[in-house]
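Me: Hi! I've got a model open here and would like to talk through how it is put together. Can you help?

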Amino acid sequence: MRISVILAHPDPTSFNHAIAQTAIAAIKSNGHTAFFHDLYQEQFDPILSCEEIAKGSPLPAAIRKHCDEITAADGIVIVHPNWWGQPPAILKGWVDRVIRPGVAYEFLEGDSGEGIPSGLLKAKTALVFNTSNTEAQREKDIFGDPLETIWKNCIFGLCGVTNFHRRMFTVVVTSTEAQRKGWLNDIRKDIDIFFPKVK
Ligand SMILES: Cc1cc2nc3c(=O)[nH]c(=O)nc-3n(C[C@H](O)[C@H](O)[C@H](O)COP(=O)(O)O)c2cc1C
């Protein structure tokens with residue numbers, strides 16, 4: 001399988017980087033190919049220009065490559081911290097520019113754009129790994145866990161990726177080394193479940 005792994009965290013020593021590296025190692029050791037993008041490292045430009053909005057618009061080579069990879073992917077892994085209940089802006093821009101009409105979704109014949117879009121992504125499984133500094137119960141009760149809705153419904157559900165699994169690792173700032181090791185082990189187990197070893 002070909003698995004797209006998208007990471008959005010500016011610090012190469014962060015726990016988010018450890019999550020992404022652990023996921024990639026497990027994906028490869030299970031016999032799959034990883035298309036990896038560290039968005040900060042590659043200085044991904046998150047700004048969607050007016051010229052790029054319409055379906056079928058000509059795309060810069062870097063965006064075309066992202067679109068081709070997400071089209072070819074059999075599975076998707078997203079890794080990012082919770083920033084104000086949202087993905088970091090660089091990742092929001094990746095969604096704006098790459099999860100685009102004609103690539104990730106389309107409106108059906110006769111629909112002027114007000115209807116229910118049809119998902120185009122071949123990938124049927126998406127894993128989202130998040131980190132935060134808020135206790136799980138408080139995140140749910142006070143903030144409503146917006147990242148669950150954003151990724152599960154607004155993005156992957158709309159694009160036809162129905163097998164959705166998300167983990168929020170928290171509280172990172174007070175976590176022990178043993179706890180973080182356990183979390184990385186959870187990542188390996190998730191990869192084994194969703195992208196098992198090739199026989
Ligand atoms: C701009 C910014 C916004 C943040 N917003 C939140 C937030 O809304 N909720 C939360 O629990 N943590 C928030 N945090 C804390 C990060 O989620 C936390 O530092 C990160 O998940 C820890 O992972 P890391 O060690 O890989 O950086 C925020 C941090 C930054 C820099």
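**Strands, cores and a histidine**

Me: Thanks for joining! Where does His165 sit?
Reply: Happy to help, and bear in mind that this is a predicted model. His165 belongs to strand S7, which covers residues 163-169.

Me: And which side chain does His165 make a polar contact with?
Reply: That would be Asp190: the two side chains are joined by a polar contact of 3.0 Å. Leaving aside neighbours within four places in sequence, His165 also contacts Ala126, Leu127, Val128 and Phe194.

Me: Okay, new topic. Which residues touch the most other members of the largest nonpolar core?
Reply: Ile78, Trp94, Trp151 and Phe156 do, in a core of 30 residues. Helix H3 (89-98) is among the elements giving two or more residues to this core, and H3 contributes the most, with five.

Me: What does Ile78 touch?
Reply: Not counting residues up to four places away in sequence, Ile78 touches Ile6, Leu91, Trp94, Leu127, Val128, Phe129, Trp151 and Phe156. Another core lies apart from this one, with 22 residues, including Val77 and Phe195.

Me: Now strand S1: mostly covered or not?
Reply: Mostly covered, as five of the six residues in S1 (residues 2-7) are buried.

Me: How many bridges join S1 to S2?
Reply: Six, and the two strands run parallel. Val5 stands opposite Phe36 in S2. Together with helix H1 (residues 15-29), S1 and S2 make a right-handed β-α-β unit.

Me: And how do S1 and S3 pair?
Reply: S1 and S3 pair in the parallel sense, over five bridges, and Ile3 stands opposite Gly75 in S3.

Terms used. Residues are numbered from 1 along each chain as its sequence is written. This is a predicted model: local features need pLDDT of at least 70, side-chain atom pairs count only at pLDDT 80 or more; totals for chains, interfaces and linings use all residues. Side-chain values use heavy atoms; hydrogens and water are left out. A nonpolar core is a set of buried Ala, Val, Leu, Ile, Met, Phe, Trp, Tyr and Cys residues joined through side-chain atoms within 4.5 Å. Buried means under 20% relative accessible area, exposed over 50%, partly exposed in between (1.4 Å probe, protein chains only). Helices (H or I, at least four residues) and strands (E, at least two) are DSSP runs, numbered from the N terminus. Contact means heavy atoms within 4.5 Å. A polar contact is a pair of N or O atoms within 3.5 Å; within protein, one must be able to donate a hydrogen and the other to accept it, and residues adjacent in sequence count only if both atoms are side-chain atoms. Two strands pair if DSSP finds at least two bridges between them. A crossover is right-handed if, with the strands pointing away from the viewer, the path from the first strand over the helix to the second runs clockwise.
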